[in-house]
Amino acid sequence: MDTGSEALARLAEERVDHRFKGLPPDADGLTVAELTAQRRNLFRDGFTSPVLALSAERLEHNLALMESYASRHGLAFAPHGKTSMAPQLFRRQIEHGAWGITLAVPHQVRVARAFGVRRVFLANELVDAAALRWVAGELAADPEFRFVCYVDSVRGVELMDAALRGAARPVEVVVELGAGEGARTGVRTEAEATAVAEAVAGAAALRLVGVAGYEGEVPEADPERVRSYLRRLVALAAGLDRGGHFGDAEEIVVSAGGSAWFDAVADVLAGLPGFSRPVLKLLRSGAYVSHDDGHYSRLTPFTRIPQEGALEPAFRLWAQVVSRPAAGQAFANAGKRDAAYDLDLPTAQAVRRDGVERPATGITVTGLSDQHAWLRTEPEADVEVGDWIGLGLSHPCTSFDKWQLIPVAEADGTVVDYIRTFF
């Protein structure tokens with residue numbers, strides 16, 4: 001058994017207790033493996049509200065869909081792990097063909113390495129000396145570990161080189177191209193990119209291997225603006241290649257792709273010019289793994305390319321109606337501690353009473369307190385104290401991070417797995 005498999009196996013040995021909200025109180029002291037083997041039902045076997053669940057069937061559908069999409073378009077895929085921070089899902093993504101895992105900060109890389117991830121793309125600048133020394137140690141200890149991160153300034157290159165002096169293996173870097181004025185990180189001009197590339201050439205501890213960017217930051221993004229930025233990214237890679245800036249790199253990395261415009265990434269990267277060596281076309285979309293009922297359900301490229309398939313929202317937050325103080329108002333016991341609310345409020349999807357589930361007709365979430373969902377109820381709403389309300393969530397990245405152990409349930413409510421997160 002490899003180190004990553006051993007670490008994943010140890011997750012199943014963890015004891016269930018008060019740390020994990022929503023789980024059955026009478027499961028305290030069981031290992032996760034023992035609880036899983038009981039195949040409890042989410043609605044009948046002691047789970048307490050609120051409880052977040054992932055759909056087993058929809059999770060598998062989404063994993064398979066993005067695997068086939070990337071393969072069909074000739075893209076390597078490094079899904080962004082910050083979405084879930086769940087090593088079990090990292091492993092499933094890699095089993096579904098992922099090249100590696102994208103991450104954003106050093107702690108996330110440490111989690112991935114603890115669970116055996118061998119290829120990490122850090123979609124961020126990294127100038128923390130302690131973190132860089134740790135990365136250098138990982139590279140020295142494991143010849144199969146590959147680590148790539150952004151650079152966007154000469155000063156950043158100098159700091160990295162100083163922190164890594166004497167490292168056994170150089171750290172691979174890509175020049176990040178900013179998505180425009182007022183966007184996030186990244187060089188703003190091709191001249192700045194060339195200056196950074198030249199600084200990397202003079203840094204013994206670094207190796208330039210490509211370019212990268214995030215088209216989701218394009219100001220006033222629309223299909224043409226996004227494609228224009230991506231064409232500029234490709235042109236930057238080609239220009240640096242012609243200038244000999246990639247040195248002894250075995251391949252050139254060109255990376256982009258959030259969860260809103262990966263169809264544009266696929267289109268633009270399909271038409272690359274000639275390069276001096278092979279090109280790794282690396283897509284980084286991450287929200288697909290659970291998808292959602294809000295932000296990404298509106299933005300997903302599959303709405304523009306329905307012939308390529310459709311992602312399915314895999315999250316459902318189950319809360320219980322605890323108060324019905326007025327004819328047009330009710331309160332459920334899930335709030336900001338439990339549900340994402342940074343982009344959209346949750347949406348009422350279903351009501352369960354006495355084992356029967358029906359649509360949440362006439363019920364709207366109008367606000368969240370720390371531990372309560374405010375529900376507006378129309379005259380046609382059939383809702384009582386004690387009912388369970390199934391809420392759809394918006395923005396997976398701020399849904400996963402509120403739950404340490406998430407049941408994975410089949411359509412009939414049978415819980416077949418538990419996903420551990422590390423935020």
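This briefing walks through selected strands, loops and side-chain contacts of the structure above. The model is predicted. Strand E5 is mostly covered, with 6 of its 6 residues buried. The structure also holds 10 aromatic pairs. Two loop residues, aspartate 387 and glycine 100, get their own sections below.

**Strand E5 and its partners**

- Strand E5 spans residues 146–151.
- Both of its faces are covered. On one side, Arg146, Val148 and Tyr150 are buried. On the other side, Phe147, Cys149 and Val151 are buried too.
- E5 pairs with strand E4, residues 119–125, in the parallel sense. The pairing has 5 bridges.
- One bridge joins phenylalanine 121 to valine 148 in E5.
- Between E4 and E5, the chain passes through helix H6, residues 129–141. This β-α-β crossover is right-handed.
- E5 also runs parallel to strand E6, residues 171–176. Here 4 bridges join the two strands.
- Cysteine 149 has valine 173 in E6 as its bridge partner.
- From E5 to E6, the chain crosses through helix H7, residues 154–163. This β-α-β crossover is right-handed.

**Aspartate 387**

- Where does aspartate 387 sit? It is found in the loop between strand E15 (373–377) and strand E16 (388–392).
- Is aspartate 387 buried or exposed? Its relative accessible area is 2%, and buried means under 20%, so aspartate 387 is buried.
- Its side chain makes a polar contact with the side chain of arginine 353, at 2.8 Å.
- A polar atom of the aspartate 387 side chain also lies 2.7 Å from the backbone nitrogen of glutamate 384.
- Not counting residues up to four places away in sequence, aspartate 387 touches several others, including Ala319, Gln320, Val321 and Val351. Arg352, Arg353, Arg358 and Asp382 are also among them.

**Glycine 100**

- Glycine 100 is placed in the loop between helix H4 (87–95) and strand E3 (101–103).
- Its relative accessible area is 0%, so glycine 100 is buried.
- Which residues does glycine 100 contact, leaving aside neighbours within four places in sequence? They are Phe77, Ala78, Pro79 and Arg119.
- Glycine 100 and histidine 80 are 20 residues apart in sequence. In space they are 9.3 Å apart, C-alpha to C-alpha.

**Aromatic rings**

- One of the 10 aromatic pairs is formed by phenylalanine 77 and tyrosine 288. The pair is tilted, with 50 degrees between the planes. The rings are 5.4 Å apart, centre to centre.
- This pair links distant parts of the chain, 211 residues apart. Phenylalanine 77 is in strand E2, residues 76–77. Tyrosine 288 is in the loop between strand E9 (279–283) and helix H11 (295–299).
- Phenylalanine 77 has a relative accessible area of 4%, so it is buried. Tyrosine 288 is buried as well, with a relative accessible area of 3%.
- Phenylalanine 77 also appears among the contacts of glycine 100.
- Elsewhere, ring pairs link Tyr69, Phe262 and Phe302 into a cluster.

**Charges over rings**

- Lysine 21 lies over the face of tryptophan 403. The distance from the ring centre is 4.2 Å.
- Arginine 352 lies over the face of phenylalanine 43, at 3.7 Å from the ring centre.
- Arginine 352 is also one of the residues that aspartate 387 touches.

How values were computed:
Residues numbered from 1 in each chain as written. Predicted model: local features only at pLDDT ≥ 70, side-chain atom pairs only at ≥ 80, totals over all residues. Heavy atoms only, no water. Buried < 20%, exposed > 50% of the residue type's maximum accessible area, 1.4 Å probe, protein only. Polar contact = N/O pair within 3.5 Å; in protein donor to acceptor, adjacent residues only side chain to side chain. Contact = heavy atoms within 4.5 Å. Pairing = 2+ DSSP bridges. Right-handed = clockwise from strand over helix to strand, strands pointing away. Phe/Tyr/Trp six-rings, centres within 6.5 Å; stacked < 30°, edge-to-face > 60°. Lys NZ or Arg CZ within 6 Å of the ring centre and 35° of its normal.
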